[in-house]
Amino acid sequence: MSTLLENLNWRYATKKFDATKKISASDLNTLKEAVRLSASSYGLQPYKVVIVENPEIREKLKAAAYGQTQITDASQLFIFANDLNLGAVSVDDYIKNISETRGVPADALAGFSDMMKGTIANLSDDNKNIWTAKQTYIALGTLLSAASELKIDATPMEGFNAAAFNEILGFDKLGLNASVIATVGYRHDEDDAQHYKKVRKSHEELFITI
């Protein structure tokens with residue numbers, strides 16, 4: 001079995017974190033870089049990733065997450081916030097980034113730019129927000145895999161009041177929405193869930209080849 005598969009088998013949705021154990025600055029930077037390198041549609045990355053360490057803010061967020069202790073006991077809380085009502089400005093910023101990074105004249109990217117703008121313009125506001133929220137889950141998956149490679153526990157969470165998170169963090173004023181969150185840190189010795197055998201569908205149940 002490859003190391004990747006071993007690490008994916010090792011990871012689980014940690015229920016109880018050891019609040020005394022913190023992720024090193026080096027490992028945290030690795031997690032951040034992995035998320036930065038994550039795939040997204042067009043490479044547009046229509047979201048922000050907010051890392052919450054402040055204990056007072058995390059206490060407020062815990063109350064908005066139905067009292068789940070992972071919010072406050074984990075080393076860090078990652079909040080993936082999708083852009084609301086994505087538009088031409090974001091595309092222009094992306095095209096500028098491509099031009100500067102690859103040394104390509106912006107004019108040469110006009111077709112790509114127009115294609116992205118046209119696709120986005122044809123979406124309703126609701127569908128744009130659904131699409132940008134979907135992108136956050138790709139980044140979340142990258143975080144989970146990267147964390148497992150470092151033997152860092154990570155728990156994806158959808159059980160939270162997004163409207164309350166948005167208010168606490170001021171996302172409403174930033175045009176952002178809390179889409180999905182993840183807590184990262186190290187499992188507590190008393191977390192019984194670490195001993196549960198992983199349950200997944202078999203290859204025959206999951207995959208269809210045509």
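## Exercises: salt bridges, a helix face and a few long-range pairs

Lys 62 pairs up with Glu 59 in a salt bridge, with their closest N and O atoms 3.8 Å apart. Before we dig in: this is a predicted model, where local features need pLDDT of at least 70 and side-chain atom pairs count only at pLDDT 80 or more, while totals for chains, interfaces and linings use all residues. Residues are numbered from 1 along each chain as its sequence is written, and side-chain values use heavy atoms, with hydrogens and water left out.

**Exercise 1.** Work out how Lys 62 and Glu 59 are placed in helix H3, and how exposed each one is.

*Solution.*
- Step 1: recall the cut-off. A salt bridge is a side-chain nitrogen of Lys or Arg within 4 Å of a carboxyl oxygen of Asp or Glu.
- Step 2: find the spacing. Both sit in helix H3 (residues 55-63), and because they are three residues apart, about one helical turn separates them. Helices (H or I, at least four residues) and strands (E, at least two) are DSSP runs, numbered from the N terminus.
- Step 3: check the exposure. Buried means under 20% relative accessible area, exposed over 50%, and partly exposed in between (1.4 Å probe, protein chains only). Lys 62 is buried at 19%, whereas Glu 59 is partly exposed at 44%.

**Exercise 2.** Take two more of the five salt bridges, Glu 33 with Arg 36 and Arg 187 with Asp 153, and say where the partners lie in the chain.

*Solution.*
- Step 1: Glu 33 and Arg 36 meet at 2.8 Å, N to O. Both belong to helix H2 (residues 25-36), three residues apart, about one turn of the helix. Glu 33 is partly exposed, with 33% relative accessible area.
- Step 2: for Arg 187 and Asp 153, the closest N and O atoms are 2.7 Å apart. Asp 153 is in strand E3 (residues 153-157) and Arg 187 in the loop between strand E4 (176-185) and helix H10 (203-206), so this pair ties together parts that are 34 residues apart in sequence.
- Step 3: Arg 187 counts as buried at 15%, and Asp 153 is buried at 2%.

**Exercise 3.** Decide which side of helix H6 is buried, and what covers the buried residues.

*Solution.*
- Step 1: size up the helix. H6 (residues 110-121) has twelve residues and spans 16 Å from first C-alpha to last, close to the 16 Å expected at 1.5 Å a residue. That expected span is 1.5 Å times one less than the number of residues.
- Step 2: pick out the buried residues, which are Ser 113, Met 116 and Ile 120. They cover an arc of only 70° around the axis, so they are on the same side of H6; the arc is that of the directions from the helix axis to the C-beta atoms.
- Step 3: flip the helix over. On the other side, Gly 111, Asp 114 and Ala 121 are exposed.
- Step 4: look for the cover. It includes helix H5 (88-102) and helix H7 (125-149).

**Exercise 4.** Find what Lys 151 touches beyond its sequence neighbours.

*Solution.*
- Step 1: place the residue. Lys 151 is in the loop between H7 and E3, and is partly exposed at 37%.
- Step 2: list the contacts (heavy atoms within 4.5 Å). Leaving aside neighbours within four places in sequence, Lys 151 is in contact with Asn 7, Trp 10 and Tyr 186.
- Step 3: check one pair. The C-alpha atoms of Lys 151 and Tyr 186 are 8.4 Å apart, with their positions 35 residues apart along the chain.
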